[in-house]
Amino acid sequence: MHRGYTKEAYLEKIDRLKKICPLIAITADVIVGFPGEEEKDFEETLGLIRKVRFDDLFSFKYSPRKGTRAAQFPDQVEEKVKQDRLSILQEIQREITLQKIGNGKVVWKRYS
């Protein structure tokens, strides 16, 4: 998707943030099924999710938008594959979130 950074640089920043502020809540937006995404790419995404252990994750299936370059890319991912990957990703994140809630890592604070 032409990100301007590497996975290693991203993980380094996450690590620094967690060291500076151990109670920081880290979230991310993840799109599964971008054109050309192969199983190995998806597995790498899951590995990142497991490593970072996001506090919350906003996850979606890629959907082509008329007039965008990506809509014209070859190797569009089948809808069923996108849905299956999204379900797997969301289940992994659900388990991470429940673990964090169970050990008190997630702090919910209401501001008036």
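Which two side chains meet in a salt bridge of 3.4 Å, N to O? I would like to come to that pair by way of helix H2, and a word on the model comes before it. This is a predicted model, in which local features need pLDDT of at least 70 and side-chain atom pairs count only at pLDDT 80 or more, while totals for chains, interfaces and linings use all residues. Residues are numbered from 1 along each chain as its sequence is written, and side-chain values use heavy atoms, with hydrogens and water left out.

Let me begin with the overall layout. The chain holds three helices and two strands, and from the N terminus on these elements run α-β-α-β-α; helices (H or I, at least four residues) and strands (E, at least two) are DSSP runs, numbered from the N terminus. Of the 112 residues, 29% count as buried, where buried means under 20% relative accessible area, exposed means over 50%, and partly exposed is in between, with a 1.4 Å probe and protein chains only. If we take contacts, meaning heavy atoms within 4.5 Å, between residues at least 6 apart in sequence, then 80% of them join residues at least 24 apart.

Now to helix H2, which covers residues 39-52. H2 has 14 residues and reaches 20 Å from its first C-alpha to its last, close to the 20 Å expected at 1.5 Å a residue, the expected span being 1.5 Å times one less than the number of residues. Its buried residues are Phe42, Leu46, Leu48, Ile49 and Val52. They cover an arc of only 155 degrees around the axis, which puts them on the same side of H2; the arc is that of the directions from the helix axis to the C-beta atoms. On the other side of H2, Lys40 and Lys51 are exposed. As general background, an α-helix has 3.6 residues a turn, so residues three or four places apart point the same way.

What do the buried residues of H2 pack against? Their partners are helix H1 (7-20), strand S1 (27-32), strand S2 (56-61) and helix H3 (79-102). This leads to the largest nonpolar core, which has 17 residues, and those with the most contacts inside it are Val30, Val32, Ile49, Val52, Phe54, Leu57 and Leu89. By nonpolar core I mean a set of buried Ala, Val, Leu, Ile, Met, Phe, Trp, Tyr and Cys residues joined through side-chain atoms within 4.5 Å. The largest share of this core, five residues, comes from H2. Val32, with residues up to four places away in sequence not counted, touches a set of residues including Phe42, Phe60, Leu86 and Leu89, and also Glu37 and Arg85.

Just after H2, Arg53 takes a positive phi of about 60 degrees. Asp55 follows in the loop between H2 and S2, and Asp55 is buried, with a relative accessible area of 12%. The side chain of Asp55 is joined to that of Lys100 by a polar contact of 3.2 Å, a polar contact being a pair of N or O atoms within 3.5 Å, where within protein one must be able to donate a hydrogen and the other to accept it, and where residues adjacent in sequence count only if both atoms are side-chain atoms.

That brings me to the charged pairs. A search of the whole structure finds 11 salt bridges, each a side-chain nitrogen of Lys or Arg within 4 Å of a carboxyl oxygen of Asp or Glu.

The pair I asked about at the start is Arg85 and Glu39. It links distant parts of the chain, with Arg85 in helix H3 and Glu39 in helix H2, 46 residues apart. Arg85 counts as buried at 7% relative accessibility, whereas Glu39, at 43%, counts as partly exposed.

Another pair is Glu44 with Lys7, whose side chains meet at 3.9 Å, N to O. Glu44 lies in helix H2 and Lys7 in helix H1, so this pair ties together parts that are 37 residues apart in sequence. Glu44 is partly exposed at 45% relative accessibility, and Lys7 is partly exposed with a relative accessible area of 37%.

Finally, Lys61 forms a salt bridge with Glu79, the closest N and O atoms being 2.6 Å apart. Lys61 lies in strand S2 and Glu79 in helix H3, so the pair ties together parts that are 18 residues apart in sequence, and their C-alpha atoms are 8.6 Å apart in space. Lys61 is partly exposed at 30% relative accessibility, and Glu79 is partly exposed at 44%.
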